[in-house]
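Please open the structure in your viewer and keep the sequence beside it, since this tour moves from one selection to the next. At each stop, select what is named and then read what is there.

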Amino acid sequence: MKKLMAIAIAMFTLVASVSAYEWKDSWQNYGGGIKEHQFIVNAGAGINSALFDGHDLVLPPLELSVEFTQKIWVLPFGFGGFFGVDSCKDTWKENDFTYSEAATNLYFGGLIKYHAQLPIENLDVYARTYLGAKVHMWEAHNNYNDKKSSDTVTSFYSEWGIGATWYFSDLFGVNVELGYPTIVKAGVSFKF
């Protein structure tokens, strides 16, 4: 009974503090202590859709991004750029025949983030979009005729997601994102 009472008091306190929050301002303010005209640098690693397509992951998606916070009208946006890399390989065997293929992808371009302030002071919640280019480099080999082949293809790249960063100080935070084609990503954030 004491545990139930403690949970009820905690829930009441949470609901009371959230209901007292000025929600009308949350859509036009940065969360996590972010201010307009700051630089935010993010570095992280994740899991992308290649893992679920049956590929062997050699290098998980690694990413570095930089953004500059700038309001448009009263909306809290961030604008910047990103660079990422990942690598996977596949090998098929049937009797004496072996075929292997390895691919490395480079991603780069611009980013847009929309930040929203929530009642929790150190928390920054955002939605993001990446637009840019993808350089796909692959190499294949089979042992039947010892043939090797390779190619490089550049194409349009887009990625979207939602994320949250918890800032432990005015400078440092940790973040997690969900999206596509990178399904989940975790990393660190620095704001200047």
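The stops below go from the whole chain to a charged network, a nonpolar core, a strand residue and a surface patch.

**Before you select anything**

This is a predicted model, in which local features need pLDDT of at least 70 and side-chain atom pairs count only at pLDDT 80 or more, while totals for chains, interfaces and linings use all residues. Residues are numbered from 1 along each chain as its sequence is written, and side-chain values use heavy atoms, with hydrogens and water left out.

**Stop 1: the whole chain**

Show the chain as a cartoon, and you will find 1 helix and 8 strands, in the order α-β-β-β-β-β-β-β-β along the sequence. Helices (H or I, at least four residues) and strands (E, at least two) are DSSP runs, numbered from the N terminus. Of the 192 residues in the protein, 32% are buried, where buried means under 20% relative accessible area, exposed means over 50%, and partly exposed lies in between (1.4 Å probe, protein chains only).

**Stop 2: a charged network**

Next, select K185 and E63, whose closest N and O atoms are 2.6 Å apart in a salt bridge, a term for a side-chain nitrogen of Lys or Arg within 4 Å of a carboxyl oxygen of Asp or Glu. K185 sits in strand β8 (residues 182-191) and E63 in strand β2 (residues 56-72), so that the pair links distant parts of the chain, 122 residues apart. K185 counts as buried because its relative accessibility is 6%, and E63 is buried too, with a relative accessible area of 15%.

Now add R128 and E159, which meet in a salt bridge at 2.9 Å, N to O. R128 belongs to strand β5 (residues 123-142) and E159 to strand β6 (residues 147-167), so this pair ties together parts that are 31 residues apart in sequence.

Add E177 as well, since E177 forms a salt bridge with R128, the closest N and O atoms being 2.6 Å apart. E177 lies in strand β7 (residues 172-180) and R128 in strand β5, so parts 49 residues apart in sequence are tied together here. R128 is buried, with a relative accessible area of 3%. Keep the five residues selected: E63, R128, E159, E177 and K185 are joined into one network by salt bridges that share partners.

**Stop 3: the nonpolar core**

Which residues make up the largest nonpolar core? Select F82, Y107, L111, Y130 and Y157, 5 residues in all, to see it; such a core is a set of buried Ala, Val, Leu, Ile, Met, Phe, Trp, Tyr and Cys residues joined through side-chain atoms within 4.5 Å. Centre the view on L111, which, leaving aside neighbours within four places in sequence, is in contact (heavy atoms within 4.5 Å) with residues including S65, F79, F82 and Y130.

**Stop 4: a residue in a strand**

Move to A127 in strand β5, which counts as partly exposed because its relative accessibility is 34%. A127 and Y114 are 13 residues apart in sequence, with their C-alpha atoms 5.3 Å apart in space. Not counting residues up to four places away in sequence, A127 touches I112, K113, Y114, G161 and I162.

**Stop 5: the loop tryptophan**

Finally, select W27, which is found in the loop between α1 (2-19) and β1 (39-48). W27 counts as partly exposed because its relative accessibility is 35%.
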